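Trainee: I'd like a close look at just one part of this protein, please. Pick a loop, take me through its surroundings, and then tell me how it sits in the rest of the chain.

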Amino acid sequence: MTSEEWPALRIGPIVANVSSVSQQNPQPTGHHARSNDPQEPTPQAGSAQPDVGSRLNAPVPATGVPDVSPSFQRSHQSEDSGVEQPNDSPGVDLLEDDDVVDREPAEQHGTAELGSEADSGDSSEFPSADLVYGRIPITDVSPVVECGRFPATAIPGEDIQVSATVFREGHDSLGASAVLYDPQGREDQRVTMTPGAPGTDTFHALLRPRSEGTWSFAIEGWSDLYDTWLHAAEIKIGVGQDVELMFKEGQLLFEAASKESSRSSEEARAFENAAARMADTSLSVEDRLAAGTSDEVKSYVAERPLRDLLSSSQRYPIEVEREAAGRGSWYEFFPRSEGATWDAEAGQWVSGNFRSAVKALDRAAAMGFDVAYLPPIHPIGRDHRKGPNNSLEAGPQDPGSPWAIGSPEGGHDAIHPDLGTFEDFDNFVAHAHELGLEVALDLALQASPDHPWVKEHPQWFTTRADGTIAYAENPPKKYQDIYPLNFDNDPQGLAHEVLRVVKLWISHGVDIFRVDNPHTKPLWFWEWLIARVREEHPDTVFLAEAFTRPAMMQGLAKAGFQQSYSYFTWRNTKEEIEEYLEEISHETSSAYRPNFFVNTPDILTEYLQFGGPAAFKVRAALASTASPLWGVYAGYELFEHVARPGAEEYMDNEKYELRPRDFEGAVKRGESLAPYITRLNEIRKDHPALGDLQNLTVQSTSDSAIVAYSKTKTVEHNGQEVKDTVIVVINTDTHATREATVWLDLDSLNLGDHDFNEDGSFWVDDLISGDSWKWGTHNYVRLDPYIEPAHILHIRRDVK
């Protein structure tokens with residue numbers, strides 16, 4: 001790799017749009033209008049071409065000025081540049097990483113003076129090329145990340161909420177469409193968008209990419225010819241004004257529509273019949289108007305609107321990654337604690353290993369988890385090793401923190417001798433795969449004072465004024481057993497060493513990395529590393545363990561992290577939960593994917609410390625249903641809740657000592673949450689609505705402790721569309737029974753006529769208790785935390 005190639009950072013594709021020009025119904029364009037060269041490719045579906053012409057003319061191709069400013073095009077792009085446009089999207093061109101984007105000074109395109117070339121009738125530069133607005137302006141497109149420099153993210157089959165502001169001058173009606181293009185640039189879906197709140201000019205739609213790859217989407221705005229005619233005709237004909245003129249315009253409109261090549265013969269006949277009946281003066285006014293407003297005509301128009309003045313936004317990228325990047329349940333455990341035994345003669349614990357830890361894999365699989373996550377498995381340093389409960393003094397038999405990586409036995413590319421060999425690890429991973437589990441490994445980029453890197457590459461660390469290497473600090477906390485890495489002294493050497501380490505573990509079956517404290521490393525490094533890894537291993541998934549400022553957490557997601565820890569752990573009141581669910585599902589969901597861990601070795605919240613068993617149920621129910629990603633650290637199912645005094649972490653913390661547990665005995669004694677967790681994971685797998693992030697709707701309740709939300713998704717099953725809706729109602733007060741009224745937004749539940757009973761109610765089935773009730777707009781609930789603190793309800797469909 002040459003120095004010129006270092007670093008080559010990931011930049012999402014930016015797509016520009018150039019409009020075509022009609023000779024019969026011309027629209028103004030800037031400098032970069034398409035030529036009329038007959039050898040240019042014929043526009044296909046999805047290109048900026050209208051379906052019909054003016055209401056009073058035969059259908060002709062016509063488009064508006066491109067929505068994206070023509071001045072934001074590649075400097076080398078011109079009519080004679082020789083750059084070919086894709087057949088299915090004339091005038092659309094992808095920018096590559098090395099493309100140069102120019103913006104010509106606006107002063108060059110100012111008002112023409114008298115006697116200038118523009119004034120003489122030459123329209124080649126009219127209007128000026130630095131315009132931003134198109135014929136139908138399109139703004140505020142979402143999801144767009146950093147103006148398209150980074151892609152929005154999705155997983156196959158996920159519904160992506162697309163929105164834009166689309167408006168125009170005057171009073172004529174307009175419409176908008178969302179168009180999804182597959183990784184080959186072919187149109188895959190076209191959806192007519194639904195208007196948002198009145199007066200906002202916003203439009204919304206759902207797009208669903210079907211497979212992995214770099215997809216893209218665009219928003220089209222257009223003059224709605226039918227709705228404009230219908231609005232005027234119904235008013236004017238109703239009062240006897242311009243009656244024949246309205247019928248003549250309708251006749252021409254339907255005649256033009258019937259000639260569209262994309263129309264079926266049935267549609268064409270319907271439009272021809274409507275045009276003929278409106279022209280037939282022997283019929284009554286009512287019959288003539290009914291011909292153009294029949295249910296048949298309206299259904300055809302709704303399916304394929306009659307459009308003119310079509311304008312398109314640029315295309316924006318969507319990176320669709322494998323399902324594990326956005327859906328899954330994680331189970332964390334320390335292999336050294338699994339199967340650890342007490343040596344009575346020596347008076348000490350003997351570490352478990354990868355052979356004994358296969359029981360933890362069996363346990364995780366039995367509870368329905370998808371990912372087995374391991375803290376660091378490398379040799380642990382002796383210098384400044386921490387003792388029990390983070391004490392500064394460690395005894396000779398204290399194992400130390402796995403995050404203090406490195407000893408004379410090796411560093412990040414080695415396995416702790418107590419855990420076994422690489423052959424043992426390979427067998428452990430193979431067993432996990434047999435169970436349907438993926439193995440996630442902790443990637444902690446830091447070193448103990450004993451790490452080989454400290455002697456071999458001291459430039460990879462920060463040296464203080466007194467010559468010592470700086471250890472990790474988060475005042476007042478000190479981590480004397482850990483040296484942070486410094487990426488500024490030798491960025492290329494350090495980055496390539498980390499890349500080597502990651503590739504090593506990938507070669508041993510690890511496809512997922514939980515990255516410790518990524519926010520303490522520069523973003524450029526993660527952007528570079530993740531892009532390089534995924535070039536060769538596109539299935540690799542990175543989870544950011546980052547609890548920091550929102551800008552950094554979202555920056556890590558943009559740089560390539562598919563998942564992130566979140567502040568869910570500390571959102572425990574109704575108000576906090578509702579606000580956070582709105583944020584993660586609708587405000588940051590274009591790139592940031594939260595993994596709702598209910599606990600970690602470092603985090604035992606006061607809610608769990610003092611909430612009793614109900615608190616563990618509440619947090620598990622929330623995490624598993626509100627986010628497609630959730631995680632549990634071992635011991636949660638045993639209701640472990642004793643904290644170190646004055647701290648928000650576990651007493652006898654497993655980070656610093658071995659902690660074997662009797663999981664099987666707890667289940668036999670009825671003292672385990674494992675059956676409840678198992679049921680939650682079963683519900684997640686049975687209900688696709690819970691697999692999406694953006695489809696969450698917070699519902700209203702009358703009680704200050706009861707939270708309610710719903711998720712809805714339509715999927716195809718056995719060749720038929722099936723609607724899946726889950727409603728979750730949870731009492732967050734773990735010490736008192738709460739009663740409330742739950743008011744449901746029925747539109748958010750996607751109910752159809754066949755879903756309602758004769759009395760206007762619909763059936764809900766509780767997926768936890770098995771009970772069923774009739775529900776409607778407002779519903780009474782009573783939740784006793786000592787029995788069941790949560791309803792997880794499924795709407796029963798097609799009851800008629």
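Mentor: Element names first: helices and strands here are DSSP runs, a helix being H or I over at least four residues and a strand being E over at least two, numbered from the N terminus. Keep in mind, too, that you're looking at a predicted model. Its mean pLDDT is 87, and 84% of the residues reach 70 or more. The stretch to be wary of is residues 11-120, where pLDDT stays under 50, although the model still has 242 contacts there beyond four places in sequence.

My pick is the loop that holds D182, between β6 (174-181) and β7 (187-192). Is D182 buried or exposed? The relative accessible area of D182 is 8%, and the cut-off for buried is under 20%, so D182 counts as buried. A polar atom of the D182 side chain lies 2.9 Å from the backbone nitrogen of Q184. Skip the residues up to four places away in sequence, and D182 touches D188, T214 and W215. D188 falls within β7, while T214 and W215 belong to strand β10 (residues 213-224).

That makes β10 the natural next stop. It's mostly covered, with 11 of its 12 residues buried. What does β10 pair with? β6, the strand on one side of our loop, runs antiparallel to β10, and eight bridges join the two. V179 of β6 has A218 as its bridge partner in β10. β10 also pairs in the antiparallel sense with β12 (residues 316-320), over five bridges, and there S216 stands opposite P317. Then there's β11 (residues 307-312), antiparallel to β10 over four bridges, with E220 opposite S312. If you're picturing the side chains, recall that in a regular strand they alternate between the two faces of the sheet.

Now let's zoom out. The protein has 16 helices and 34 strands, and 55% of its 800 residues count as buried. Of the contacts between residues at least 6 apart in sequence, 76% join residues at least 24 apart.

Further along the chain you'll find an open sheet of eight strands with parallel pairing, in the order β24-β23-β22-β17-β16-β13-β26-β25. β24 (563-564) and β25 (596-597) stand at its edges with a single partner strand each, so one side of each has no neighbour in the sheet. For β25 that partner is β26, paired in the parallel sense over two bridges, and F596 has W630 of β26 as its bridge partner.

Helix α6 (residues 358-366) packs against parts of this sheet: its buried residues meet β13 (328-332) and β16 (371-374), as well as the helices α7 (422-434) and α15. Those buried residues are A360, L361, R363 and A364. They share one side of α6, because they cover an arc of only 160° around the axis. K359 and A366 are exposed, on the face turned away from that buried side. Just after α6, G368 takes a positive phi of about 90°.

One more region to click on: an unreviewed UniProt entry carries a "binding site" annotation covering K386, Q446, D481, N517, K655 and Y656. D481 sits in the loop between β20 (477-479) and β21 (483-484) and is buried at 3% relative accessible area. Beyond its neighbours within four places in sequence, the contacts of D481 include K386, S401, A447 and P449. K655 sits in the loop between β26 (629-633) and α15 (663-668), and at 10% relative accessibility K655 is buried as well. Residues in contact with K655, again leaving out those up to four places away, include F334, R336, S401, W403 and D602. So try selecting S401, which is in contact with both D481 and K655.

Methods: Residues are numbered from 1 along each chain as its sequence is written. This is a predicted model: local features need pLDDT of at least 70, side-chain atom pairs count only at pLDDT 80 or more; totals for chains, interfaces and linings use all residues. Side-chain values use heavy atoms; hydrogens and water are left out. pLDDT is the predictor's confidence in each residue, from 0 to 100. Contact means heavy atoms within 4.5 Å. UniProt positions are given in the numbering used here, feature names are shortened, and annotations may be inferred rather than shown by experiment. Buried means under 20% relative accessible area, exposed over 50%, partly exposed in between (1.4 Å probe, protein chains only). Two strands pair if DSSP finds at least two bridges between them. A polar contact is a pair of N or O atoms within 3.5 Å; within protein, one must be able to donate a hydrogen and the other to accept it, and residues adjacent in sequence count only if both atoms are side-chain atoms. The arc is that of the directions from the helix axis to the C-beta atoms.
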